[in-house]
Amino acid sequence: MMIPCPHCGDRDVSEFRYGGDASKQRPAHGTGDLKAWHDYVFLFENPKGPHTEYWQHVLGCRRWFKLARNTATNEIGGVVS
Amino acid sequence: MTRFRRLPQGGRIDRAKPVSARFDGKALGGFAGDTLASALLANDQVLIGRSFKYHRPRGLVAAGIEEPNGLFTLGEGATTEPNVAATMVDLVDGLVARTQNAWPSAGFDLMAVNSILSPLFQSGFYYKTFMGPTKGSWMFYEPFIREAAGLGKATGLPDPDRYDMRYAFCDVLVVGSGPAGLAAALTAGRSGARVVLADQDSDFGGSLLSGNDAGHEAWRIACIGELKSLPNAETCARTTVQGLYDGNLAVLVENRSHLRPDARKGEARMLLTQLRAKTIVMATGAIERPLVFSNNDRPGVMLASALRSYTNRFAVAPDKRAVIVTNNDTAYQAALDLATAGVAVTVADHRASVSADILSRAGAKGIAIFPGSGIFDVEGAKGVTRVKLGGAHAVTIECDAVGMAGGWSPVVHLSSHGGIKPKFDEAAAGFVPGGFPASHYGAGAMMGTYGLSAAIAEGSNAGASAASYAGFGKTRPVYAPEHVTDRSYAILPTWAPAYSAKGKAFVDFQSDVTIKDVKIAHQEGYRSVEHLKRYTTLGMGTDQGKTSNINALALMAEYRGITIPEAGTTTFRPPYAPLTMGAIAGRTVGAHFRPVRLSPLHDWHVKNGATFIDAGLWKRAWFYSWAGATPETAYVKEMELVRRGVGLADVSTLGKIDIQGPDAAEFLNRVYVNGFAKLPVGKVRYGVMLNDDGIVLDDGTTARISDNQFYMTTTTAQAGEVMSWLEYLLQCHWTDLNVQVASLTDEWAGMAVSGPKAREALQLAFPAEDLSNDALPYMGCKDFPFEGVTVRLLRMSFSGELAYEVHVAADYAISLWAHILKAAAPTGIKPYGLEALASLRIEKGHVAGLELDHRNTLDDLGLGKMAGKEKDYVGRALRFREDCQSPERWSLVGLELMEPDKKLRGGSILFAATDEIKGHGRGYITSVTWSTELNTFIALGLYKGGLGHEGEEIIAAFPLKNEQARLKIVSPHFIDKEGARLHA
Amino acid sequence: MLERRSALASAKPYVGSTLKIAERPGFTLTQVAGLSPDFETKLSTVVGPLPETVARAQVNDARTLFRLGPGQFWIVGPETDDAAAKLQGQCAVTPLNSSRVRVSLEGAPAREALSRLMPVDLHPSVFTPGGVALTGIHHTPVTVHCAAENAFDIYVMRTFAVTVWEAITDAARLFADRS
């Protein structure tokens, strides 16, 4: 699988680290709402199909970014801002 | 009698270059251009082995990669390679090959008794006999069955050959160099695109290599010549495209065995290429199907295309007469070419009528044709002697060989590696690709386009489209040679004639699966093709059913009364062809198996008697020879050194991170549970981090170097995790914080100076510095120049003694370390290793990696009071969820052994005194050591309810060694609870 | 002055007539990162024009500049370089002189040797002089700089220097002289 690093270009997946679901909003720092954190940390859609996820180019520029990837086909939709 | 012979002329062999190989201990002669298979046939070696289950005599079936029977063991000793298809082995001087699965020889095989016991080996035999109620008997029978059945044996010796790998990139990858592939590669190449043409064969041309038409040959030579002249094209022979993966990654494996590579010179036997192609043209051709009839596995019964290939390409033909049985027109290519080579040919054609054109061309060559006929039975135990026809013409024919022409199966494997199922094409009478992603193309026989001119046109189009997709617009097409007439490839789908005799009729030669096995599978309900495969082992051999799959599923469809597309097909997975494990491992063997990480002090440790231990990727100094020859004796002496004098330990493996920026303090205040906002410059603080889920991520220390700069250390194990985590928070979530982080793990070396004499030692090493308790109190830090280098001194302790860490740029680590040992020699300072380091911290009750196992909360580790009450920090909310607050959680305790004659083991399961010793217990021992202070074994552990049980006597069980010992639960701080030593 | 010691001090040398692989010591490496919007302006005042992308290095006299990502650069200078001192207080400055070992490959087979190590397109028309790849060799992060047509500088993490050196010299065994 090739992943389009926004800085280094298309690179092999072995250069990256997967960072999980990026479709949810992390509660802001200072939020003490237990339910908000519970839902953020533990509840995932786990979709078969289009998905937005975090990746870090650990063997390259070390930048984190959001990537659209189809979990069923591994088709890469590109970097999401 | 002779069945096969070398023709006096013709073929693609070089008669000026004789080759001598060894086969079963005897010389095997041939010519350059021969394969092991063609050389065997040329030497009339028709019987070449025994079948997998029944040990029936077998001969070659094919001339290409689909060969099911002709598997041999190559090489000797450590280079032994079993199960290699003779059709894919170039005959070279020095080649050594052996038959397998026959004892003592293929001609006289004692195991042929299996053939008499054959009812035992029908489909489902293993399952019925050894699974289910009589499961235990499998254990008993397995070694015997494995010995009798099966293929060649691998050697247990390390492989001395070298296997290499490389990464490559191109615009257009063309797989297969038959007419379609050549046309595609050349058309794409003419556009200027970077083209790679790969073919598993030793030469380019695919089916053209087996033909005998001068016009076709001229076209082939011209195409290859032009392609090789292009600087942007690379041609790879003997290179199999084994698999296609996401992102157009193709894995190519080149076999260089024929060059007799010398590993000592770095020459590889196999070269694996991970090729990223912008586009891929598949021109993988088609494989001929056998027909299913009684005794169709007699040596000498082959694919008609194989007979043609041996005759035209290798100049090896049946001695006098061949019978060809067919259900389609393509068999006549073979019949005509064999007749041209002087072989008398009879054709049995399942079809009731044959076209006038064929009748006249065959008649001109003296070929006898029996329409409406097929094979009733084949005779000849160790080689074909006679064929009895059935159907319209029940005649008996003496012959040397039989050719089977059951139609063609497109090689759709690569097109389905991405998950696209092939579809059945009625016109092509076979499965063709079910579709392609945008950057993939197919051409020629693999698409069911069998005619030469149509295949070339399709190939040229595909090459142009692929080049265009890759951004190369302008090209010129490749045209077919003149006067080519594409013939019909229609077949009469007769898979198994009803008039066949009662002998075994094989569907899968390699796995020894007969038509009867398929029937049994059907009767017993294993009707899905996936079940059929697993129940009968059909298609599960090294050939993966390249010749058998379609016949088997056509038969199953017939039994079920459904169509072939309704029956479906099995899933094709990489690798396409058998692959030596070495090719996959490549260079990552031995010392290169994984990266090794070395401390900047490593060379010193090596020269000064350290024994090393692996800690993750690191090699760490475990203990030193001055203290003892074994870790058990050495670490105790090293601990005593630190408790009574002073020791020096390498802590360079700690993660180290530079944190800078106006918001650095706020950032740290968020990631650590305890406060860092008000940490003064020149001070160090111990800190703990949580994950979002409230579970402890890591601990460490952070020093404030200036208002806007901090120096963080992490545990060795979590250094990478923590760095990524900080980057994640800053880049993805806290983008409002103005902070920059940089890893210093490789930049700074660290050494711990520990023990009551630590200050004295350092004062000797750095006489110009004021190291008094007032000038550098506990948890103080300072940078100072020494001999032209900046030294960072941090007063903190892992051992519980008066201690410091000395950090310095890694390039100077060895000279500074040596300087400290030399200057402080009057204190008796010596190095101590990881075992002592880890034991000292157990006595002090410091948690480390074994306790921080990503399952524990702050409170589990007794660190709950550290957390700031007035501030927010990562993990705070979920730290207080109900389960994390339960008093029944397993939490940190100290453990003291009550039985002095016993020893404690890490990982022991903890039970209450009254518990039955069974199951998972109430906790376990995380870390254990001999305590030089208490003169007993002590341990840290996690125990249900934790220190709520302080003072209780419990039991540690180690069931693997059948050991039990009584322990007492105590505070985890075994020494100096008040911390007087730290502040000395 | 304390003695300085390379991480490759005891590594086995590589001897090849067509391909030279050797450590190239004697450089200063400073990582700088922005803490203000005018960071790049301030930086270029001290070190000259900056590389526009991660994929290209900028050579300004004795210094080679690499862009690591948004607002982050490496300054590779001569053995003594005042860039770090001059930039102090203007941005985040992190000296990394000990943290990397520079290994150079030079000679006609250099690209072929490197193609056995890193999953980056090394075709001469693609990876041209001045090109930079932040990628991985033997599972560790490296910065690869195409210094000339067939000359490459690889910046390797110090603690992995020996293992990566061994991986590189093993991959290049085909081009080594036989000892």
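Here are a few exercises with worked solutions on the structure above, which is a predicted model.

**Exercise 1. Work out how α12 and α13 of chain B pack: at what angle, and with which residues?**

Step 1. Start with the geometry. Two packed helices are described by the angle between their axes and the distance between the axes. For helix α12 (residues 515–523) of chain B and helix α13 (residues 529–536) of chain B, the angle is about 120° and the axes are 10 Å apart.

Step 2. Put a name to that angle. Roughly perpendicular covers 65 to 115 degrees and roughly antiparallel starts over 145, with the rest counted as oblique. So α12(B) is oblique to α13(B).

Step 3. Add the handedness: the crossing of α12(B) and α13(B) is right-handed.

Step 4. Now look at the side that touches. From α12(B), B:Asp517, B:Val518 and B:Ala521 come up against B:Leu532, B:Tyr535 and B:Thr536 of α13(B). Sorted by class, that contact has four nonpolar residues, one polar and one charged.

**Exercise 2. Two Asp residues, B:Asp512 and C:Asp61, have a positive phi. Find where each one sits, and decide: buried or exposed?**

Step 1. Take B:Asp512. Its phi is about 55°, positive although the residue is not a glycine. You'll find B:Asp512 in the loop between β29 (506–508) and β30 (513–514) of chain B.

Step 2. Check its accessibility. The cut-off for buried is under 20% relative accessible area. B:Asp512 comes out at 0%, so it is buried.

Step 3. Move to C:Asp61. Here phi is near 55°, again positive in a residue other than glycine. C:Asp61 belongs to the loop between β3 (58–60) and β4 (63–69) of chain C.

Step 4. Apply the other cut-off: exposed is over 50%. With a relative accessible area of 78%, C:Asp61 is exposed.

**Exercise 3. Lay out the five-stranded sheet of chain C and say which helix packs on it.**

Step 1. Write down the order. The sheet is open, runs β3-β4-β5-β2-β6 (chain C), and pairs antiparallel.

Step 2. Mark the ends. β3 and β6 (92–95) of chain C are the edge strands, each pairing on one side only.

Step 3. Note the twist: direction ignored, neighbouring strands of this sheet are turned by 25° against each other on average.

Step 4. Zoom in on one pair. β2 (residues 27–33) and β5 (residues 72–78) of chain C run antiparallel and are joined by seven bridges. One to look up is C:Ala33, whose bridge partner in β5(C) is C:Gln72.

Step 5. Add the helix. α1 (residues 39–47) of chain C packs on the sheet and touches β2, β3, β4 and β5 of chain C, with a direction about 10° from that of β5(C).

**Exercise 4. Which strands does β2 of chain B pair with, and in what sense?**

Step 1. Recall the options. Strands of a sheet pair through backbone hydrogen bonds, either parallel or antiparallel.

Step 2. Go to β3. β2 (residues 14–23) and β3 (residues 26–32) of chain B are antiparallel over seven bridges, and B:Pro18 has B:Phe31 as its bridge partner in β3(B).

Step 3. Inspect the turn. The hairpin of β2(B) and β3(B) has two residues between the strands, and B:Asp24 takes a positive phi near 50° there.

Step 4. Then turn to β8 (residues 96–98) of chain B. β2(B) pairs with β8(B) in the parallel sense over two bridges, with B:Phe23 partnered by B:Ala97 in β8(B).

Technical notes:
Residues are numbered from 1 along each chain as its sequence is written. Chains are lettered from A and ligands numbered from 1 in the order in which they are written. This is a predicted model: local features need pLDDT of at least 70, side-chain atom pairs count only at pLDDT 80 or more; totals for chains, interfaces and linings use all residues. Side-chain values use heavy atoms; hydrogens and water are left out. Axes are lines fitted to C-alpha atoms, for helices over the stretch in contact, and angles run from 0 to 180 degrees between N-to-C directions. Helices (H or I, at least four residues) and strands (E, at least two) are DSSP runs, numbered from the N terminus. Angles under 35 degrees count as roughly parallel, over 145 as roughly antiparallel, 65 to 115 as roughly perpendicular and the rest as oblique. A crossing is left-handed if the near helix is turned anticlockwise from the far one by less than a right angle, and right-handed if clockwise. Contact means heavy atoms within 4.5 Å. Ala, Val, Leu, Ile, Met, Phe, Trp, Tyr, Cys and Pro count as nonpolar, Asp, Glu, Lys and Arg as charged, and the others, Gly among them, as polar. Buried means under 20% relative accessible area, exposed over 50%, partly exposed in between (1.4 Å probe, protein chains only). Two strands pair if DSSP finds at least two bridges between them.
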